[in-house]
Amino acid sequence: MPQTARPGPQEPPETRGRTTIADGVVEKIAGIAAREVPGIHALGGGFTRTMGAVRDRVPGGHASVGRGVKVEVGEKQTAIDLQVVVAYGVSIREVVAEVRENVIAAVERMTGLEVVEVDIAVNDVHLPDEDTPQTSEDRVH
């Protein structure tokens, strides 16, 4: 009896199976992409940044790249909310436009998800003198 060739799957490989992307993955990508934009000092609201700074100083703790980022991820689309602190002197409108563009490009390129919106809340302006360390005279001995 002659053997007949088994027909191979007719569907392309990308349609054979399902891929799910966790919210945390999109949060990390969006957080990194937002921080890459010049003029962004930090992500997160005041309380979130304070708690994160404390967590970062704990031995074994590490900075969360998803801090200040919230996402909703569906099968094909995602929506992203960012809380940012901008550097003093930059054009907020230009910086947030660049953040939005960079986040959308990074998330769509890396995940294949369509980014339907990126909402950005500017929570603070970072002043240059906020980074100056205290002098020894200001410290309690």
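This is a short walk through how the strands and two of the helices fit together in the structure above.

Okay, ground rules. It's a predicted model, where local features need pLDDT of at least 70 and side-chain atom pairs count only at pLDDT 80 or more, while totals for chains, interfaces and linings use all residues. Residues are numbered from 1 along each chain as its sequence is written, and side-chain values use heavy atoms, with hydrogens and water left out.

Let's start with strand 3, residues 77–87. Helices and strands here are DSSP runs numbered from the N terminus (helices are H or I, at least four residues; strands are E, at least two). Two strands pair if DSSP finds at least two bridges between them. Strand 2, residues 69–73, runs antiparallel to strand 3, with five bridges, and the two make a hairpin with three residues in between. If you want a spot to click on, Glu 72 sits opposite Ala 79.

Strand 1, residues 40–43, also pairs antiparallel with strand 3, over three bridges. There, Ala 42 is partnered with Val 85. And Val 85 also stands opposite Asp 124 in strand 4.

So what about strand 4, residues 114–126: parallel or antiparallel to strand 3? Parallel, over 11 bridges. Gln 83 and Ala 121 are one of the bridge pairs. Strand 3, helix 3 and strand 4 form a right-handed β-α-β unit (strands pointing away from the viewer, the path from the first strand over the helix to the second runs clockwise).

Now the helices. Helix 1, residues 23–35, packs on helix 3, residues 92–111, at about 140°, axes 8 Å apart (axes are lines fitted to C-alpha atoms, for helices over the stretch in contact; angles run from 0 to 180 degrees between N-to-C directions). That makes the pair oblique, because under 35 degrees counts as roughly parallel, over 145 as roughly antiparallel, 65 to 115 as roughly perpendicular, and the rest as oblique.

Thanks, that's me done.
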